[in-house]
Amino acid sequence: MLRCSFCGRRAVYHRRYAGVFLCDRCLIKSVERRFRRAINENKLILPGERVAVAVSGGKDSVACMHLLHDYCRGKRCELVAITIDEGIKGYRDESLPIARENAEMLGVEHHVVSFREAFGATLDEMVKVAAQRSTGLNPCTYCGVLRRSLLNQAARELGADRLATGHNLDDETQAIMLNYIRADLSRLYRLGPGYSPRQGFVPRIKPLREIPEKEVALFALLKGIKVHLAVCPYASGIHMEVRDFLNSLESNHPNSKFMILRMFDEIKPHLEAAVPGFEARGCESCGEPTSSTLCKSCELLQGLGLMRRRKNLIFVEPS
Ligand code: SF4
Ligand code: ZN
Ligand code: ZN
């Protein structure tokens, strides 16, 4: 029997990059510790703040909500959860009830915002129109841009000081590599534990950024947290290739993902001078903050013959 390197109990996980074995209790404690350290060292959340967490129902976002729930209790912070329903049949309709169930169990206020309500069409419908119009854009482009925009709007309307997402170490290193490959300096610059853009944007935070995906999954499993484990039917393309490449790199050379992250964090302060700053103004069509006349969401929607509706996303029922 393999034993935990810290307490001698039965090991459930081999942390190859550190050369140690961990039992269930030590793994849970380690994830909790790293989560708190990321928040404290980077001042991601200040006492008394209102934090919105994006919860899809998947393991990372649900684990993030549970960890934030514990953290916020001790810091007099308020936590509110937002789920974006993109409208992906057989996928989001299955993960959404899990997000809701977890929020209810924790007693966290939960809001669902749908693509259909905000844009007049589901992602499934948009993908069909995009194919008919030969836009050449893949589903993740629509999904990513539109979801980020709705999350920001919802968090802002809910009066959140921070918007937390469940990005883990694997997600962050994939994003770093992708932006290198695409030579996208502005997007690269936006990565990091926290990003506070311009007026109209709620500062985004990633408290799981230094925790490998496997450890987040094990944390959820060992804590008995109900999560949705399916893979999105649209997941494909270069993202998957970069993910596979990084996994094989990590398997042959443990600690590679952390090294990529550390190197990026070293470089990041020097990027500022190379990234042009700009003034945020209101999008001509929807009013959301943007640096151009039209925001990226409206640009994509117009290409599909759709329009973002100018309205509030969050309806608070009178008490
Ligand atoms: Fe959206 Fe692409 Fe993620 Fe699916 S894989 S949820 S389409 S970004
Ligand atoms: Zn142990
Ligand atoms: Zn717009």
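Here a visitor asks a guide how some labels on this predicted model are earned.

Visitor: Let's start with the zinc ion (ligand 2). What makes its arrangement tetrahedral?

Guide: The zinc ion (ligand 2) is held by the SG atoms of C4, C7, C23 and C26, at 2.3 Å. Those four donor atoms subtend angles of 102 to 118°. The label asks that all angles lie between 85 and 135 degrees, so this arrangement counts as tetrahedral. For comparison, the ideal angle for four tetrahedral donors is 109.5 degrees.

Visitor: Which spacing do the donors of that zinc ion (ligand 2) follow along the chain?

Guide: They follow C-x2-C-x15-C-x2-C. C7 sits in the segment before β1, while C26 belongs to helix α1, so the pair ties together parts that are 19 residues apart in sequence.

Visitor: Is C7 buried, partly exposed or exposed, and how do you know?

Guide: C7 has a relative accessible area of 41%. Buried means under 20% and exposed means over 50%, so C7 falls in between and is called partly exposed. C26 comes out at 12%; with the cut-off at 20%, C26 therefore counts as buried.

Visitor: And the zinc ion (ligand 3): what makes that one tetrahedral?

Guide: Same kind of check. Its protein donors are the SG atoms of C283, C286, C295 and C298, lying 2.3 Å from the zinc ion (ligand 3). The angles there are 107 to 114°, and the allowed window is 85 to 135 degrees, so tetrahedral it is. Along the chain, the spacing reads C-x2-C-x8-C-x2-C. Two of these donors, C295 and C298, are buried.

Visitor: On to the aromatic rings. Why is the pair of Y17 and F258 called tilted?

Guide: Their ring centres are 4.9 Å apart, and a pair needs centres within 6.5 Å. Their planes meet at 55°. Stacked would need under 30 degrees and edge-to-face over 60, so what remains for this pair is tilted. Y17 is in the loop between β1 and β2 and F258 is in helix α11, 241 residues apart, so the pair links distant parts of the chain. Both residues are buried.

Visitor: What makes F115 and F119 edge-to-face, then?

Guide: Here the planes stand at 75° and the centres are 5.3 Å apart. Since 75° is over 60, the label is edge-to-face. Both residues lie in helix α4, four residues apart, which is about one turn of the helix. F115 and F119 are buried as well.

Visitor: How do you know that the charged end of K268 goes with the ring of Y189?

Guide: The charged end of K268 is 5.1 Å from the centre of the Y189 ring, and the cut-off is 6 Å, along with a limit of 35 degrees from the ring normal. The charge is counted as sitting over the ring.

Visitor: Last stop, strand β4. How do you know that β4 pairs with β3?

Guide: Pairing takes at least two bridges, and five join β3 to β4, which run parallel. V51 stands opposite L79 in β4, for example. Between the two strands the chain crosses through helix α2, in a right-handed β-α-β crossover.

Visitor: What joins β4 to β5?

Guide: Six bridges do, and these strands run parallel too. One of the partnerships is V80 with E109 in β5. The chain gets from β4 to β5 through helix α3, and this β-α-β crossover is right-handed. As for β4 itself, the strand is mostly covered, with six of its eight residues buried.

Definitions and conventions:
Residues are numbered from 1 along each chain as its sequence is written. Chains are lettered from A and ligands numbered from 1 in the order in which they are written. This is a predicted model: local features need pLDDT of at least 70, side-chain atom pairs count only at pLDDT 80 or more; totals for chains, interfaces and linings use all residues. Side-chain values use heavy atoms; hydrogens and water are left out. Buried means under 20% relative accessible area, exposed over 50%, partly exposed in between (1.4 Å probe, protein chains only). A crossover is right-handed if, with the strands pointing away from the viewer, the path from the first strand over the helix to the second runs clockwise. Donors are N, O and S atoms within 2.8 Å of the metal (3.2 Å for Na, K and Ca); water is not among the atoms, so sites may look incomplete. Four donors count as tetrahedral if all angles lie between 85 and 135 degrees; four count as square planar and six as octahedral if opposite donors are over 155 degrees apart and all others between 65 and 115; anything else is irregular. Rings of Phe, Tyr and Trp (its six-membered ring) pair if their centres lie within 6.5 Å; planes under 30 degrees apart count as stacked, over 60 as edge-to-face and the rest as tilted.
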